[in-house]
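Thanks for coming. I have one structure to go through today, and I will take it region by region. Here it is.

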Amino acid sequence: MKSDHISMSAYMDDFSMITIVVNKPFSVSPSLSLADDKKVVQPLTIDKQEHYHNQVIYKCRTRMPIDLKNRYWVTINESRIPLMIGSIVRTPKFDSLYYDETSHGAIYTPESTTFKVWSPVAFAMKLKYKTQQSNTFNEQKMSRTEKGVWEITLEGDHHLTEYLFVVNVNHEWVETTDPYSKSVTANGVYSVVIHLPETDPEGWNRSGKRINLRSKTDSIIYEVHVRDLTIHSDSGVVNKGKYLGLTEVGTKTPNGFHTGLEYLKSLGITHVQLLPVADFGSVDETMPNSRYNWGYDPVHFFSPEGSYATNPYDPICRIKELKKLIHTLQQNGLSVILDVVYNHVYKREESPFEKLVPGYFFRYDNGGNPVNGTGVGNDTASERKMMRKFILDALTYWMSEYKVDGFRFDLMGIHDVETMNLAAEKLKSLNPGVFLLGEGWDLNTNLEPEKRATLSSAKKMPSYSFFNDAFRDQVKGSIFPDGQSGFINGNHDERIKHQMKHVMRGYAGQNSTFIKPEQSINYSECHDNHTLFDLLSIRHPFEDEYIRRKRQQLALAFTIFAQGVPFIHAGQECFRTKKGEENSYNLPDTINAFDWNRCESFYKEVDYFKQLIRIRKTQPIFLESSTELSEWIVPDGGLGFKLHLPTTDIKKDTSFWNNALLLFNQTTKPILISLEKNTWTLAIENEIYYNRLIDEDLYQLEPLSFSLLYSV
């Protein structure tokens, strides 16, 4: 509001403090007071005056107890301006007064549906809804509890009723979807009431828990984008780019090479990690082929994305088809990890969070501006009680309703340690073998560093595995083309050679990053940044492609056989390329599609990948925590590591290895390595599987190659 050419606004910053912001200081001390709807007036006292950028801030005190059920105005001389919600919602008192642990959203029974939504700062709330039998929307007033939850119960069967909340906040009416929407209409225009048993595909076990007790180090994760894996013209899939595409049996290329589900089954991987499948905002669900996105722009955290459904207009379809995908993968021996994005929202101002409780669910700097550690304009505040509740509610919902086996947390370093540990405790009570992993990058968010769920906090979070950037950077080098190169690039730096023993140990131990190797996610490529094939093309532009592929295969050997958890980006095994694009998050299918023809042409390399996985999975020496690792003396340019598993720790089975020798050559020349004659049997040499006793004292390790030897 403007008065005497002074632009003014006023905010509740505490239960007794009002902040008035003006574009220039008052010429004389103003007469200030606070009034509510009942015309009760109370003088305001200026505590202090501050300058922030081009604004003047007056901090004022009131003796009138602020009740968030009321609306208020600030009078300044003869002018009156509405009092808006400010940092009061970020005070410990607010969290203490209004934390509500009950269930939220549309709580359905065939006889009635209760709608509950949290907004302690709302002056009034209405439910706007349309039943299946009606062509028009109705509105009904909702009632408020002491904890700030607004609720109403509608009698009758409201399965598939569409609805919105109409909320009066900050002196204006706005409409918003339900943050707890179990499903939505196309493009998330309306929330939809769902009778969830109606969404179960054939064979779905609604009542039973899914328990997975596979150890983390016995796991191999394969990262997949739903659309990428089947959209290619030669995928042989009918429902290309859809949830159902990955449920189709017997799909092949025109030349008969297995694709889709059949291909995933053949690899020997244990976990399929799906890039985000919760509703995101950047793809028009009614024209899904018009745009592409990875899905890291979340809108509705409980509802599946509709662009992957065969009918985005049907709110049941997206749930049923995602469930069918998960069920199909699990029935074929593959566990499912969901990539979840709770660290930010697509557009803060349009989020149900911001419309319902402005300023609460996000972090702000001392000037009241949203912080941007995520790089997308907003950071959610997981440390606040109702944001923490929301995250835990969403995770337990996906686990109990969709029966997933794990979660990968995008930018987990934005979250706080306490929330992540509470989530782990809750999820492990539902499935003791749940696989939890995340990105532990330390980002510039407004949370004390020691509270952030970063790599440096790994030992405080023993249930989580972390993407190990040290592993990645030592093996392949920096993710940036002009950064330092890694071992596979031929970097002879002694510091890298020293670090490689930590690489092989999964950076675990008393003085290292992790408590145990299972916390290390070992990877050299993921959906982010260049594919390794493209990065090597940039780093070694004058090398023959064959040589660059040899370098990439060295990285694969480290990933598979280092202690920890191997993580593979889909297509890495067949030298996936995105045509040199570094960040393909919104680029077309011509860049992102999994190229089945390329995969077919590199079938020998794919078979090699399968052999490495088979060896890792069948030999306890690569899985047991008691395995001892020591360095093997090799000439410059090479690395050697001996693994030893005490005989007391393995079954008396002659097929199990007591010792394994892993040899790496980063040079373009052969290396001669001393061995004990007739002691070692050759398993892998130069990407070929053998079973041959070494009867020489010197073993020749081929250029840019990996060899694996063993003894029993």
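Where is the place of Glu687? In this predicted model, Glu687 is found in the loop between strand 33 and strand 34. Its phi is near 70°, a positive value, and the residue is not a glycine. On accessibility, Glu687 is partly exposed, because its relative accessible area is 25% and the partly exposed class runs from 20% to 50%.

Asn686 belongs to that loop too, between strand 33, residues 681–685, and strand 34, residues 688–693. Asn686 is not a glycine either, yet its phi is positive, about 50°. With a relative accessible area of 28%, Asn686 is partly exposed.

Next, another loop. Arg452 lies between strand 25, residues 435–438, and strand 26, residues 465–467. Is Arg452 buried or exposed? Arg452 has a relative accessible area of 9%, and the cut-off for buried is under 20%, so this arginine counts as buried. Which residues does Arg452 contact, leaving aside neighbours within four places in sequence? The list is Gly413, His415, Val417, Asp442, Leu443, Thr445, Leu447 and Ser457.

Now the helices. Helix 3 covers residues 260–267 and helix 14 covers residues 603–618; their axes come within 9 Å and cross at roughly 45°. That angle falls outside the parallel, antiparallel and perpendicular ranges, so helix 3 is oblique to helix 14. From helix 3, the contact uses Tyr263, Ser266 and Leu267. From helix 14, it uses Val606, Phe609, Lys610 and Ile613. Sorted by class, the contact has five nonpolar residues, one polar and one charged.

A little more on helix 14. It has 16 residues and reaches 22 Å from first C-alpha to last, close to the expected 22 Å at 1.5 Å a residue. Which residues of helix 14 are buried? They are Glu605, Val606, Tyr608, Phe609, Leu612, Ile613, Ile615 and Arg616. As a general point, an α-helix has 3.6 residues a turn, so residues three or four places apart point the same way. Val606, Phe609 and Ile613 are among the buried residues, and they also take part in the contact with helix 3.

Last, a hairpin. Strand 9, residues 105–108, and strand 10, residues 112–118, run antiparallel and are joined by four bridges. How many residues sit between the two strands of this hairpin? There are three between strand 9 and strand 10. As for one bridge, Ile107 has Thr114 of strand 10 as its partner.

That is what I have for today.

Note on methods. Residues numbered from 1 in each chain as written. Predicted model: local features only at pLDDT ≥ 70, side-chain atom pairs only at ≥ 80, totals over all residues. Heavy atoms only, no water. Buried < 20%, exposed > 50% of the residue type's maximum accessible area, 1.4 Å probe, protein only. Contact = heavy atoms within 4.5 Å. Axes fitted to C-alpha atoms, helices over the stretch in contact; angles between N-to-C directions. Parallel < 35°, antiparallel > 145°, perpendicular 65-115°, else oblique. Nonpolar A, V, L, I, M, F, W, Y, C, P; charged D, E, K, R; others polar. Expected span 1.5 Å × (residues − 1). Pairing = 2+ DSSP bridges.
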